[in-house]
Amino acid sequence: MTAGQDSIMRRGMTFDPHAEPHQRALIVDFGSQVTQLIARRLRESGVYCEIHPFNRVDAAFLDAYAPKAVILSGGPSSVKSATSPRAAQEIFALGVPVLAICYGQQAMAVQLGGEVEPSDEREFGRADVEIHQMSPLLEGVWEVGKKYPVWMSHGDRVTRLADGFKVIGTSPNAPFAIAVDEARRFYSVMFHPEVMHTPDGAKLLRNFTHNIAGLSGDWTMAAFRDEAVAAIREQVGDARVICGLSGGVDSSVAAVLIHEAIGEQLTCVFVDTGLMRANIDGVGEGEDVVRLFRDSYNIPLIHVEAEALFLDKLAGVDDPEQKRKIIGAAFIDIFDEEAGKIENVEFLAQGTLYPDVIESVSFDGGPSVTIKSHHNVGGLPERMNLKLVEPLRELFKDEVRALGRELGLPDHFVGRHPFPGPGLAIRIPGAVTKEKADILRKADAIYLDEIAKAGLYDDIWQAFAVLLPVRTVGVMGDGRTYDYVLALRAVTSTDGMTADYYPFSHEFLGACATRIINQVRGVNRVVYDVTSKPPGTIEWE
């Protein structure tokens, strides 16, 4: 590791040695809510990239990271503010292509000698860009003389370009919507090519990375698998590793990958809280996890059945944050106890993903508002004095699923919807009981079964049922009922950061409600949640 790389690591930033063989792009983050989408678009085209806050990118970082291309993201600031962020000036002397997006365009313009001013005619949402001249950025995508839909989000705008730049595209309120300096390979756009509302945006980004920067697109899950296995072996050596297996996709893929690298040196601990889902045949996810890891992969597995303990600790607790803390603390107690029975454990494996890494390093260094506490294995490394193995920390969720398939995990396992660490406890607003958990488990299984039968499962990011702390009067046959209300939730999303409800037909929802009410004792009313995120969250608690 070079001195520059060591400096990066000490500042808490991602820099994985096994990524070094790949040609890399760098995304400099100015705080845009959609910066992660830039990385996702690049990864989808086979380009390895990382996101780093603008104030962590300096000469030493650039020397260590050695990007083949740089993208400057959008951001919420005004370039006119004295405290607004800027890119490291060394970026413009690297001799590599630079693409600046929205705020990035404004920052680059000012830093290279142009001017930016506030505008009375702001652009937010859909706009049309008219192309006036051709450029390698647009080749094979857009044509001169035509207009194309894009997504804008800006108040300020460039009013004078830096020397060497020319305008090749305009919109009604952005006279420099696309401005380029072909000689230096500097490209700037006022719109956001990374979002789906710019239909050709991914093609423009691919032109930049592949055609202009010459990146080969060698980032594949097969390559990542081989490199990750080698990196795990180098990091762990002959030591033992313990993995807290939740049964979810992230920890499962991490466990299988680590087992491929070090075999019997890995032991997984699966704490069955009794708050997991079941399939339509009544087989619990806990049983499915044990079958897969103990029987199919022959991975050393400690299975702790702790339903009674968790339900006892949750008795009478209705505050969602308190539920999460109780479940997290109980998990740590059990995990710590089981880990103490294994000799020579030096490492703890976790399924940390790249969005967690990005969000842990705020671009402005300030604290984020806690919407709800995180439900990964927090607190274990400090308490157990273990070093971390986090082989997935470079990956987005869709890449983890692709890696799982590469490792041979069954599709039904890697493709299933996300499930929160506290499980059904946070899908039962109010106090949690075994009766409620059993009712919810059965209703949830029916709902997901109906979705699968309709061929909609893979179109939905996450679907689940919520058992409400509300009872209503109903009529079944000639009798009066007074039973629970069940809410159904289904959302579409690309990364879970934003989401919209899935537009089921009324016929589908009616059929689901009828089946649930007929087959699940304790439920006599079903409703559907049509809240987007924001303002709501995906989970109810």
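**View 1. Gly237 comes right after helix α6.** Gly237, which follows α6, has a positive phi near 65°. This is a predicted model, in which local features need pLDDT of at least 70 and side-chain atom pairs count only at pLDDT 80 or more, while totals for chains, interfaces and linings use all residues. Residues are numbered from 1 along each chain as its sequence is written, and side-chain values use heavy atoms, with hydrogens and water left out.

**View 2. Helix α6 covers residues 221-236.** Helices here are DSSP runs of H or I with at least four residues, and strands are runs of E with at least two, numbered from the N terminus. Among the buried residues of α6 (under 20% relative accessible area, 1.4 Å probe, protein chains only) are Met221, Phe224, Ile232 and Val236. The buried residues of this helix pack against β10 (240-245), α7, β13 (345-349), β14 (387-389) and α13 (397-406).

**View 3. Ser251 sits in helix α7, residues 249-262.** Ser251 counts as buried because its relative accessibility is 9%. Its side chain shares a polar contact of 3.1 Å with that of Ser246; such a contact is a pair of N or O atoms within 3.5 Å, where, within protein, one must be able to donate a hydrogen and the other to accept it, and residues adjacent in sequence count only if both atoms are side-chain atoms.

**View 4. Meet the largest nonpolar core, with 73 residues.** A nonpolar core joins buried Ala, Val, Leu, Ile, Met, Phe, Trp, Tyr and Cys residues through side-chain atoms within 4.5 Å. Leu257 and Leu392 are among the residues touching the most other members. Helix α7 gives the largest share, nine residues.

Technical notes: Buried < 20%, exposed > 50% of the residue type's maximum accessible area, 1.4 Å probe, protein only. Expected span 1.5 Å × (residues − 1). Contact = heavy atoms within 4.5 Å.
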